[in-house]
Amino acid sequence: MGSKELRQEKGEVANLEIFFQHVHGNHFIPNTVLVDCTADSIIASNYEDWLRKGIHVITPNKKANSGPLYEYLRLRALQRQSYTHYFYEATVGAGLPIISTLRGLLETGDRILEIEGIFSGTLSYIFNNFKDGRAFSEVVAEARDEGYTEPDPRDNLSGIDVARKVIILARESGLKLELSDIPVENLVPEPLRGSSSAEEFMQQLPKFDEELTEILKDAESSGEVLRYLGVVDVSNEKGVVELRRYKKDHPFAQLSGSDNIIAFTTRRYRNQPLIVRGPGAGAQVTAGGKFNDILRLASYLGAPS
Ligand SMILES: NC(=O)C1=CN([C@@H]2O[C@H](COP(=O)(O)OP(=O)(O)OC[C@H]3O[C@@H](n4cnc5c(N)ncnc54)[C@H](OP(=O)(O)O)[C@@H]3O)[C@@H](O)[C@H]2O)C=CC1
Ligand SMILES: N[C@@H](CC=O)C(=O)O
């Protein structure tokens, strides 16, 4: 029986409370973890409760760490007090070691000056492939088919997904910033910002291809490429998300596929930044990031090394 048939025959409507009881009420299992693989802020609002009850949390969902600052700080404080673990490496760069690299720098006494890079696998893919006369909307549809985009691709094109990653890294670096503190360049055409669904948005997008083609042609005529950047300016306690132009020999211009590239400029890595680069979206690499967090949890809980 295929998974679709199995779901039809034996599937149950999701009920978070019943699921929670199933995990929490089993007293024969000493350690429990919930892995939230949604992009849902309501699910994320349950982490505090789960951690308080001793359930560890692992997630690629950016909502909790980029939500209101006071809620984030409360979650972090509660997590430490409750001796539970909360891992979220895949929230930035999917399977790439971004948060662990940042933590490693901070915990060994380095000081972060700036974190700059291409944090969106979707927007990286789009601007790596938006060339040779291709339509912008066609490349967006391709990125969606590859599984790189958020459930609604407007979350990528509006820049909000990158802004969330900027906020996660900013807070991890000790800055007390809100999402609204980050100026964001929105690539969703104005008339489509209120489209009622992702499907309707995708259907209408081709009408606006010309706008982006003009911006691309202008960059190409100067021998430059377009790249969508996120910057955490730790020294000046601010961040920005915007479309920038780079000469073709710049490291940010050399990417392919859904590559992310993140450059950490720190007191130790001041002249040459520490760079992490690689595919930053897609099912396999994201699953790898989450699985790595699960294995880390097992080792924190005493699994033999
Ligand atoms: N895709 C990627 O490359 C990366 C994704 N992430 C993050 O991973 C998360 C998932 O992304 P992705 O897998 O691409 O998204 P998908 O839309 O492919 O998957 C989301 C899943 O969550 C389920 N879901 C949504 N809301 C609920 C809910 N309230 N209760 C139960 N299940 C729910 C959906 O079920 P249904 O289909 O039935 O609605 C769907 O199966 C997001 O937070 C994203 O930001 C992070 C790094 C990379
Ligand atoms: N949609 C994101 C992947 C998850 O964080 C991206 O395109 O980078």
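Biologist: Which residues surround ligand 1 in this model, and which are the closest?
Modeller: The model is predicted. In it, 16 residues surround ligand 1. The closest are T38, D40, K62, E150 and G282.

Biologist: What makes K62 a polar contact of ligand 1?
Modeller: A polar contact is a pair of N or O atoms within 3.5 Å. A polar side-chain atom of K62 lies 2.8 Å from an oxygen atom of ligand 1. That value is within the cut-off, so the pair counts.

Biologist: What do the backbones of G282 and G147 offer?
Modeller: A polar backbone atom of G282 is 2.6 Å from an oxygen atom of ligand 1. For G147, a backbone N or O atom lies 3.2 Å from a nitrogen atom of the ligand. Both values fall within 3.5 Å, so both pairs are polar contacts.

Biologist: How much of ligand 1 does the protein cover?
Modeller: On its own, ligand 1 has 890 Å² of accessible area, and the protein covers 54% of that.

Biologist: How do you know where ligand 1 lies relative to domain 1 and domain 2?
Modeller: Look at the shell. Domain 1 (3-94 + 284-301) gives residues to it, and domain 2 (98-280) does too. Ligand 1 therefore lies between the two domains.

Biologist: Why is T38 called partly exposed?
Modeller: Its relative accessible area is 33%. Buried means under 20% and exposed means over 50%, so T38 falls in between. T38 sits in the loop between strand 1 (33-35) and helix 3 (41-44).

Biologist: Which residues does the UniProt annotation "binding site" cover?
Modeller: The unreviewed UniProt entry gives T38 and K62. They span 25 residues in sequence, yet their C-alpha atoms are no more than 9.4 Å apart, so they gather at one spot.

How values were computed:
Residues numbered from 1 in each chain as written. Chains lettered and ligands numbered in written order. Predicted model: local features only at pLDDT ≥ 70, side-chain atom pairs only at ≥ 80, totals over all residues. Heavy atoms only, no water. Near = heavy atom within 4 Å. Polar contact = N/O pair within 3.5 Å; in protein donor to acceptor, adjacent residues only side chain to side chain. Areas by Shrake-Rupley, 256 points an atom, 1.4 Å probe, with all protein chains shown as cover. Domains from an automatic or database assignment. UniProt positions renumbered as here; feature names shortened; annotations may be inferred. Helix = DSSP H or I, 4+ residues; strand = E, 2+ residues; numbered from the N terminus. Buried < 20%, exposed > 50% of the residue type's maximum accessible area, 1.4 Å probe, protein only.
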